[in-house]
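Good morning, colleagues. Please look at the display while I take you through selected parts of the fold.

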Amino acid sequence: MLRRGLLARVSRVGGALVLLCCSLSLLYVMTCGPPHTDDAPLSSHALPRAGPHHPGLGGTGGAGAAGTGGARAGDAQSGGPPAAQSYQLLLQEREEQHRLHISSLKKQIAQLKEALQERSQQLKGVQETLKRAAGGGDAGAAGPPGGGPADSQGARSQQADLQEFLRSQLSKAEVSAGARLPSEYAVVPFESFTLQRVYQLETGLTRHPEEKPVRKDKREELGEVLETALHSLNAAPSQHDGQTGKVYTPSDFMEGITRTEKDKGALYELTFRGESSNEFRRLVLFRPFGPLMKVKNEKVNTAGVPINVIVPLSRRADKFKHFMHNFREVCVRQDGRVHLTVVYFGNEQMSEVRSTLENTSREVHFKNFTLLQLDEEFSRGRGLDVGARAWKGGNVLLFFCDVDIYFTADFLNTCRLNTQPGKKVFYPVLFSQYNPTLIYGSLEHVPPVEQQLVIKKDTGFWRDFGFGMTCQYRSDFINIGGFDIDIKGWGGEDVHLYRKYLHSNLLVVRAPSRGLFHLWHEKRCGDELPPDQYRMCMQSKAMNEASHGQLGMLLFRHEIEAHLRKQKQQQNSNPKKS
């Protein structure tokens, strides 16, 4: 009984103690806790703890972490930033990192969407082509749209044949193994490229051995290759290719080489940095060329297509006589569908030019010419513009020409075949002749003009930087706005018109013409030119004077003559040995 009463009293005392402890704990929490406000304190966010790697955040170990508000105030007074400010700086830094990452992801997504849309369109085009090929001529009578099992089977067969052809292109190209070549001239060289530059043997119009890709097709080609390579490298790792978890970016790309076998396809080899300084990743890509497709089969009749040859002229009556000699033979006797318009500036030598035209008219019974005279300063663009607008016989094919140009009857037909009103204009690349005196050694050995017109590296060069000779229909010339008649003298007006056509929807046919020649004439660089223009004039004169090798022979001619004299002396001193 006594024991039972004692137990009850102990239980009551224990419960009272527990209740007292709970009350004291609650009172402590209410007294020491921070006041509640509408805005949540910074410390309530789940932020990384400050540690020894972030001293600016107050991480100094356990004692520092257990400090009170007074201790924090003391830290602030001693020069350290408050914890709230440190957390805010950390938040801003993280936010900026996430923002940059999101921006990068958005760009990649946009590029992938664009590439996916391109691939979808290409696939759709291939599928439509296969369907048309499978349907054949009996598609109209085969039944309802959508076809039957036979059509589906035919399309699958065509697709399989196409895939087999593309695989055969890869096997025939020099990708995994070389091919036997007859000589060094049969080698197809590679071009090398980086993210910013292409290093090329065929320099094109810019003449730069290295440059940023200027042509749009070249930029898009190399961009697509790099994008495909990165996608392949960053795809899910495979046990067979030995890939790791490294994420490759364009900055990992070191260099690539590429070449095109025009009957098989284009080969690309790209090298990326690996995970160590001696480790690299190499990707080999191949773009096979598909089979030839017939696009058009049409009959072109040029019998009723006359050409209006327009020549602006100022003085140079002797050159005009040579021009008319070629014109009479080619345009009058061989072709017979040409009208000549001469736009003459000034009065000097006007009578000689008129006399040349009248003599030609009498000798070959040629009446299809027009002589226009302008009493103003010479402007090539102005002359061609006046000559084109003076024609009143409908939409005629125009050939803008100069007095020092030689052309053949074949060129006239090429001019007709490569132009179409509202669709195509023709900008031929002519072959510019070197100085015949240097080519043939002396003036006495120079043959007639017709025998000089040989397309070889020692006789001339393709004048791919000139755009003055062009064939286009009068309607296209008028609609495009014609020449800039404010340009005086020679030069500038041809490039201005050429760029107008490039900015339009017309197809510009730019190709070397084997029947169009620029005859050499002496180029004078006047003393009145400023130094920079004089230097450019002399450089142009050197380019038109002779080939690189011929100019070198002129530069070292004294050494060559001395060598020949020594050889002759040795032969004379040792007649038996010679």
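Helix α6, residues 216-233, lies across β1 (191-193), β2, β4, β5 and β6. With respect to β6, helix α6 runs at about 125°. I should state at once that what you see is a predicted model.

The sheet under discussion is an open one of six strands, with antiparallel pairing. Reading across, the order is β3-β2-β1-β4-β5-β6. The edge strands are β3, at 210-211, and β6, each of which pairs on one side only.

Let me begin at the β3 edge. Strand β2, residues 198-199, is joined to β3 by two bridges, and the two strands run antiparallel. Within this pair, V198 stands opposite E211 of β3.

I now turn to the other end of the order. How many bridges join β4 to β5? There are eight, between β4 (residues 253-261) and β5, and these strands run antiparallel. A hairpin through three residues makes the connection from β4 to β5. As a point of register, R259 has L267 in β5 as its bridge partner.

On its other side, β5 is joined to β6 (residues 280-288) by nine bridges, again in an antiparallel arrangement. Here the hairpin from β5 to β6 passes through six residues. The register in this case can be read from G265, whose bridge partner in β6 is P288.

Is β5 itself mostly covered or mostly open? Strand β5 spans residues 265-273, and seven of its nine residues are buried, so the strand is mostly covered, where buried means under 20% relative accessible area.

A word on the background to these pairings. Strands of a sheet pair through backbone hydrogen bonds, either parallel or antiparallel.

My second topic is a pair of helices. Helix α7 covers residues 317-335 and helix α8 covers residues 350-364. They pack at an angle of about 25°, and their axes are 10 Å apart. Since angles under 35 degrees count as roughly parallel, α7 and α8 are therefore roughly parallel to each other. The crossing of α7 past α8 is right-handed.

Which residues make this contact? From α7 they are A317, F320, K321, M324, R328, V332 and R333. From α8 they are E352, V353, T356, L357, T360, E363 and V364. Sorted by class, the contact of α7 with α8 comprises seven nonpolar, two polar and five charged residues.

Two loop residues by these helices merit attention for their backbone geometry. Most residues other than glycine have a negative phi. R316, in the loop between β7 and α7, has a positive phi near 50° and is not a glycine. The second case is H365, located in the loop between α8 and β9. Its phi is also positive, at about 55°, although H365 is not a glycine.

How exposed are these residues? R316 has a relative accessible area of 27% and is partly exposed. H365, at 68% relative accessibility, counts as exposed.

Third, I would draw your attention to helix α9, residues 380-390. Eight of its 11 residues are buried, so α9 is largely enclosed by the rest of the structure. The buried residues are R380, G381, G383, L384, D385, V386, G387 and A388. What covers them? The covering elements include the strands β7 (307-313), β8 (338-345), β9 (369-374) and β10 (397-400). Also among them are the helices α13 (474-480) and α14 (493-502).

One further loop residue deserves mention. T302 is placed in the loop between β6 and β7. Is T302 buried or exposed? Its relative accessible area is 17%, under the 20% limit, so T302 counts as buried. Leaving aside residues up to four places away in sequence, T302 touches R337, N413, R416 and L417.

Finally, let me place these parts within the whole. The protein has 17 helices and 15 strands. Of its 578 residues, 29% count as buried. Among contacts with a separation of 6 or more, residues 24 or more positions apart account for 71%.

That concludes my presentation, and I thank you for your attention.

Terms used. Residues numbered from 1 in each chain as written. Predicted model: local features only at pLDDT ≥ 70, side-chain atom pairs only at ≥ 80, totals over all residues. Heavy atoms only, no water. Buried < 20%, exposed > 50% of the residue type's maximum accessible area, 1.4 Å probe, protein only. Helix = DSSP H or I, 4+ residues; strand = E, 2+ residues; numbered from the N terminus. Pairing = 2+ DSSP bridges. Axes fitted to C-alpha atoms, helices over the stretch in contact; angles between N-to-C directions. Parallel < 35°, antiparallel > 145°, perpendicular 65-115°, else oblique. Left-handed = near helix turned anticlockwise from the far one by under 90°. Contact = heavy atoms within 4.5 Å. Nonpolar A, V, L, I, M, F, W, Y, C, P; charged D, E, K, R; others polar.
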